[in-house]
Amino acid sequence: MATETTRTADLDTDEMVLQMGPQHPSTHGVLRIELRTDGEVVRGARPHIGYLHRCFEKHAESVDYPGVIPYTDRMDYVASMGNSLGYALAVEALMGIEVSPYVQTIRVITAELQRIASHCIAVGTYGMDIGAFTPFLHLLRDREKILDLFEWTCGARLLYNYNWIGGVSHDLPDGFVRASRQFLREFEAITHPELMDLLIGNKIFIKRTAGVGVCPPELAIHHDLTGPNLRGSGLPRDLRKDEPYSGYQNYEFEVPVGKGEFGPVGSCFDRNVVRAWEMAESAKILHQALDRLETLDKVDVREKVPKRVKPAKGEIYSRSEAPRGQLGYYVVADGTGINPYRVKVKSPCFTAMSVFHVLAKGLYVADIIALIGSLDVVLGEIDR
Amino acid sequence: MSLEAAAVHERLRARFGERIVHFEAEAKQPFAVVAGDAIAEVAAFLKAEPDLAFDNLMCLSAVDYPKETPPRMEVVYHLLSYTHAHQFVVKVQLPREDPRLSSVEASWGVANWHEREAYDLFGIRFEGHSDLRRILLPDDWQGHPLRKDWQDPDFYNGMHVKPTAQMAERVTAGEAIGVGPFAFTPPNKHV
């Protein structure tokens, strides 16, 4: 026994630098993480981004204001409706354009459908990262129904160019309300309960995520975590409630918050379960919005779209609640041209990644996978 | 208790006096312009003062104004207080040659990444930053592209950055240009 302890004490151990390289099935995009590990335990993690940098902000200065919208779609390509909505709201605020309640309701409908679709990807791929393959398939099946609805409306499944400055590009087709209600019927009755049962209530899933990557609320605010990441840490901050836009004040819904039922508040489990609960809340909003749409008079959805977008000199910072957090657009207009002078995007995933190196210390390598997925990063939005 | 921007500016003026260079009250989102050497203290004050409690840096942007008088770069801080639910905007104006100012990383941890991006794309140096290096562009990229006077380089590591008209003429003439796999002619190309 004495000789064995002496032998282990002589072993020359060293930290290993492991590249969780840009090509990896679980990094949710081209993300490179340099891990410094002591065996299986991570001592330091350094994320490297920029593999998907497509110079959005430079392009925005060389096209006109409406021409920026297809570029905004491509940032967070999993939740495009939110991106173009945020930009349209920013430029409308800059120009003082008010859209009709009909257009506002359409925007809420598409935004909430997009939120469900985006959370389907977030929760489904997260389960898949942990090892649960079936919920991913179920959620993707339902996401396909939403994408079919979008394709019916505007022709595109993923990158819509839908929310224009002053309106939307296409009105909802006849039968859209009925088809959405049919989707919601199936989603709320079958898919969502199955998700809660199969994945969220799964003992293995809980064990893998409930104590991992705990982010206290002060750290979350310090690193500007927003959206489900912030709500997972226990703070009930949601822009749809705090600073409502596009008519969100007309709908009744709750803001789900991480409760720490199976571990400390702010764990990976909490962030993920907030997304699962948000899908049910979005379904609630959708029911109300669809009802409201039927009571409103139909108007031309492009009536307030200006022929030429030429804001006066000024600037604005406008935020909206995208599925991944608060998406902020800082739009600077110099008053002389039809191109924006500067469009800076504050992407929620960018700031979420800034806390990564703090949360990753002391985790096992497998928990790093759990941590990345719980922050729900999409590299298109981080890199722009 | 939520404060208006003018009230926040009053508090700043009382504490920092002349180092608050200007307050634009007429803008849609009023902002205060702060001297470059004061920004770290202003940030700490805005965060620590109980009535202000700007605990969140919503966005840190850099903007290049070469044609304004005077030509300058601006770093714009959009601040939010979760405690009091009020917002404020602070700007710092810098000369376009060798723009440098203090980092606010100590006040808001997220500034680490935002400042790296401002350095990467504009060349603004943040003094006191723990790890100022490029974040979006490759580590060996030369220059700062989001400046208004940026010119694309011709080559990056031997690759053409932008296709030019001369390249099109050369390809039509039959020359195979490009690096690596782009010099490949597919076997089913009908010549």
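**Exercise 1. Work out how helix H5 (residues 101-130) of chain A packs against H12(A), starting from an angle of about 155° and axes 9 Å apart.**

Solution. Before the steps, a word on the ground rules: this is a predicted model, where local features need pLDDT of at least 70, side-chain atom pairs count only at pLDDT 80 or more, and totals for chains, interfaces and linings use all residues. Residues are numbered from 1 along each chain as its sequence is written, while chains are lettered from A and ligands numbered from 1 in the order in which they are written.

Step 1: know your terms. Helices (H or I, at least four residues) and strands (E, at least two) are DSSP runs, numbered from the N terminus. Axes are lines fitted to C-alpha atoms, for helices over the stretch in contact, and angles run from 0 to 180 degrees between N-to-C directions.

Step 2: sort the angle. Under 35 degrees counts as roughly parallel, over 145 as roughly antiparallel, 65 to 115 as roughly perpendicular and the rest as oblique. H5(A) and H12(A) are therefore roughly antiparallel to each other.

Step 3: find the hand. A crossing is left-handed if the near helix is turned anticlockwise from the far one by less than a right angle, and right-handed if clockwise. H5(A) passes H12(A) in a left-handed crossing.

Step 4: split the contact by class. It has 15 nonpolar, four polar and five charged residues. Here Ala, Val, Leu, Ile, Met, Phe, Trp, Tyr, Cys and Pro count as nonpolar, Asp, Glu, Lys and Arg as charged, and the others, Gly among them, as polar.

**Exercise 2. Now do the same for helix H7 (residues 176-200) and helix H12 (residues 268-295) of chain A.**

Solution. Step 1: the axes come within 11 Å and cross at roughly 165°. H7(A) and H12(A) are therefore roughly antiparallel to each other.

Step 2: look at the hand, and you'll find that H7(A) and H12(A) cross in a left-handed way.

Step 3: list who meets whom. Two residues are in contact if their C-beta atoms, placed from the backbone, lie within 7 Å. On the H7(A) side, the residues include A:Leu184, A:Phe187 and A:His192; on the H12(A) side, A:Ala280, A:Ala283 and A:His287 are among them. The residues of this contact of H7(A) with H12(A) come out as 14 nonpolar, three polar and three charged.

**Exercise 3. Describe helix H4 (residues 80-95) of chain A and the way H4(A) crosses H5(A).**

Solution. Step 1: check the length. H4(A) has 16 residues and reaches 23 Å from its first C-alpha to its last, close to the 22 Å expected at 1.5 Å a residue. That expected span is 1.5 Å times one less than the number of residues.

Step 2: check burial. A residue is buried if 20 or more other C-beta atoms lie within 10 Å of its own, exposed if 12 or fewer, and partly exposed in between; the C-beta atoms are placed from the backbone. In H4(A), 15 of the 16 residues are buried, so the helix is largely enclosed by the rest of the structure.

Step 3: see what follows. Just after H4(A) comes A:Gly96, with a positive phi of about 75°.

Step 4: cross H4(A) with H5(A). Their axes come within 8 Å at roughly 140°, and the two helices are therefore oblique to each other. A:Met81, A:Gly82 and A:Leu85 in H4(A) meet A:Arg107, A:Thr110, A:Ala111 and A:Gln114 in H5(A). By class, the residues of this contact are three nonpolar, three polar and one charged.

**Exercise 4. Is A:Ile368 buried or exposed, and which residues does A:Ile368 contact beyond four places in sequence?**

Solution. Step 1: locate A:Ile368 in helix H15 (residues 365-375) of chain A. Step 2: count neighbours. A:Ile368 has 24 other C-beta atoms within 10 Å, so A:Ile368 is buried. Step 3: name the contacts, which are A:Met20, A:Leu35, A:Val42, A:Ala45, A:Ala360 and A:Leu363.

**Exercise 5. Compare the places of A:Asp224 and A:Ser246.**

Solution. Step 1: A:Asp224 sits in the loop between H9 and helix H10 (228-232) of chain A. Its phi is near 55°, a positive value in a residue other than glycine. With 31 C-beta neighbours inside 10 Å, A:Asp224 counts as buried.

Step 2: A:Ser246 lies in the loop between helix H11 (239-242) and H12 of chain A. A:Ser246 isn't a glycine, yet has a positive phi of about 55°. A:Ser246 is buried too, with 22 other C-beta atoms within 10 Å.
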